[in-house]
Each structure stands twice: as C-alpha cells, then as structure tokens.
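Colleague: I am new to this structure and would like to learn how its features are read. Could we look at it together?

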Amino acid sequence: MHNMENFYFILLILPVIALCILANKTEKKLYLYISIVYLSLLVGLRGVNVGIDTVQYYDAINSGFPIKWKFEEIGFRYISTVLMDVFKNATIVILVYSFITNGLLMLRLWDFRKHCNFPMMITLYLLIYIFFPMNIMRQFIAISIIFYSTKLLDKKKYILFLTIVLLTSLIHKTAFLSLIFILVYYWGTLTRKQKVLSLIPIFLMTAISLVYIIEFEDDHISNYFSANNSINNLNITFIYRAIIFIISYLFYKSGKKIVVNNNHTFKNNDITIAQSDDYFNFKYISIFYLIGLLFSSTGMFFGYMNRIGLYYMCYEIVYWGFLIKNSKNRSLNFILIMIFAVYVFFVELIGNGSGIFPYQTILLG
C-alpha cells in the first residue's frame, strides 16, 4: 500500500522528541538546540513538491516575485530578495525561514518548561502543527515571531510588542489579528473604572481595524467568505477539540484555583510550583486558547478561515502541557488531547491533504 510509505515520517520526527526529553531531564539547552537544527533541516530541506505551496514559493523566490498579487507583503519579498542576493539559492532561503519558525516556537515553549510538560508540548507541536510550516510557510513565520514575542507582554512591554506586530504584518498581513494579545494583557491590569474608560479606545481600535479590513483586505475576505469557499461542514474533530477544552477546564477549575501569593508561588490543588523570573498565567493561556478556537471555528464553514486562529492556537500546546503536568486529572487530559493529536496526524499521513507525501529532501546547490 502506497500510504504505508508515509508512516516512515514518524521515524524521522522521533529524534526531536528524544532530544527534547533529554534537554528537559538534564536542563541543558544544547540538546534543545540540536533538536531545533534537526527539525529545521527536516522542514527546510523538503523537496520542491513536498507541500502544496512549496513549489510556488520556490518559483516566486527564484524569479524575484514577478506576480504582483502572489506573496505580496513587502517585508517577505524584501527579506527573501536579500537572502537570495547573499546565498543565490532558494533552498537556503527556505531553510533560513525553517530555522526562524521552528527555533522561535520551540524556544518559546522551552520558556514554559517549569510549569508545563515540555516533551509533551513538543510532541503536540509535531503531531498537530508540523505540516503547517511546510505549506503556509509565510504565515507560520509570522506566527512564530508573534508567539515568541508574547514574552514581552509578560514584562508589560506593550509598545515593543505592538511594534513587532506591525513589522510582522509586513511578512503576513494576518499578524494584525495578534493585537488581541495586547488587549487581553492590558485589560487584566485595569481596575473596574479603568476598564469602563478603556471601552472607548477599544471600540475605536476595532472600528479602525474593520475599516482596514474592508478597504485593503476586501479581495482576501471576499475570497475567504465566497460561496465557492463555503464548505458548511460541522467538523467533528473541531467539535471534539472544543468539547475537551471545556471538559478539561471545568475539571481543573473544580479543584482549588491558582493562587499567587506574596512569595510568588503558584498553588493548584496539592501542587506548588515555584516561580522563577518568568511569569505564568493559566487564565491568560486559557483565554488565548479559547480565542484561537473561536477564530478557527469559522473554518467549518469557510475554507482556509481556520488559519486566522493559528496565532492563538499555539497556546493550545501550552494549555495541555500545563494540565498534563499539574492537574489532578493528568492521565485523563493526556488521553483527551492525544486522541485528537494522533487522529489529525494520521489523517494527514493517510489522506495527504497538505501534499507532504511522499516526503523527500532536496540537495543544496
């Protein structure tokens, strides 16, 4: 059976998990860096025909982006052109992007290792998300930059984060959607009176965003919401994903809530997690996961619209990583998310909806 060849891909990604287990156990970042290099090579050196969009990226980068509407963001075009001027090789350009994507995502997940099960988070990334950077490469570059930069919000560096969002939107316009991160963080710091006063600028920002979308993104939006793209499909896997989020959250909240005391320790149920210099807020992580689910739900009715939730769905990985390490129902949570993760991974292996298989590598030069 031809599809059986696709299962060899499992053997290719297993070393990433093994290295991350080793990194987590020894607390040595060297193993993490090796896993990032290995995975980046696996993704970045994929063949031209590995991934539905890959050949289009190769054609556009090699020819200097001759088609005005294809990969139109000036930031992506400029960076790609500069890299081509330096390396004279489109494969190296795509490899650089692979290092950026996997490096930033995995390093950010490493930040959460004291509060979450790190090997589990990497496993979920590989099972649920690894095929995305092999196709929607440009958007996943933007997603990795935004996800890594959320650490700035922990330090209340809102202006710097906003600047990064604006710059990242030059790589993929959907990065504007990550402005909600700032609203959630900022809202959490306000008193009740300040929240009421903040409603005006929030409504104003929303209005400006809508004007931008209508004026400048009309073609994209009409394409996403067109009758041709309408799929009217109550996706059972998405419904399962939403249900297990609700179940797991309610189970978790049925125990003691996370309490932050003056000694900066988190107490949940009978578990105490000592806090280091970093900041971890399970409430925010749950909110971001919920936002991601809400955005992604549109994908049940309009093709490709599920992608708009990807900026927030990175926190799906963190959410489950936390529960599997800390909740009273660790085993249940592990089973709930692994059913979903393994299912979507094997659907891709068998159905090859992203055009990843047969997986091949391309030689430099």
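Colleague: How many cavities of 30 Å³ or more does the count give?

Modeller: A cavity is a set of points, on a 1 Å grid over the protein atoms alone, where a 1.4 Å probe fits but cannot get out, and its volume is the space filled by probe spheres set on the points, which are joined across faces, edges and corners. By this rule there are three cavities of 30 Å³ or more, and the second largest holds about 40 Å³ of space. This is a predicted model, in which local features need pLDDT of at least 70 and side-chain atom pairs count only at pLDDT 80 or more, while totals for chains, interfaces and linings use all residues. Residues are numbered from 1 along each chain as its sequence is written, and side-chain values use heavy atoms, with hydrogens and water left out.

Colleague: Which residues line the second largest cavity?

Modeller: A lining residue has an atom within 4 Å of a point, and here the lining consists of L105, Y125, Y129, F140, I143, L310, C314 and I317. Two or more of these residues come from each of α6 (118–129), α7 and α15 (310–326), helices being DSSP runs of H or I with at least four residues, numbered from the N terminus. The largest share, three residues, belongs to α15. With Ala, Val, Leu, Ile, Met, Phe, Trp, Tyr, Cys and Pro counted as nonpolar, Asp, Glu, Lys and Arg as charged, and the others, Gly among them, as polar, the lining divides into eight nonpolar, no polar and no charged residues.

Colleague: What span does helix α7 reach from its first C-alpha to its last?

Modeller: The expected span of a helix is 1.5 Å times one less than its number of residues. Helix α7 (residues 137–149), with 13 residues, reaches 18 Å, close to the 18 Å expected.

Colleague: Is α7 mostly covered or mostly open?

Modeller: A residue is buried under 20% relative accessible area, exposed over 50% and partly exposed in between, using a 1.4 Å probe and protein chains only. In α7, twelve of the 13 residues are buried, including F140 and I143, which also line the second largest cavity.

Colleague: Why does R138 count as buried?

Modeller: R138, found in helix α7, counts as buried because its relative accessible area is 13%. Contact means heavy atoms within 4.5 Å, and, leaving aside residues up to four places away in sequence, R138 touches Y57, F71, E73, F76, I171 and H172.

Conventions
On a 1 Å grid over the protein atoms alone, a cavity is a set of points where a 1.4 Å probe fits but cannot get out, and a pocket is an open set with protein on both sides within 12 Å along at least five of seven lines; lining residues have an atom within 4 Å of a point.
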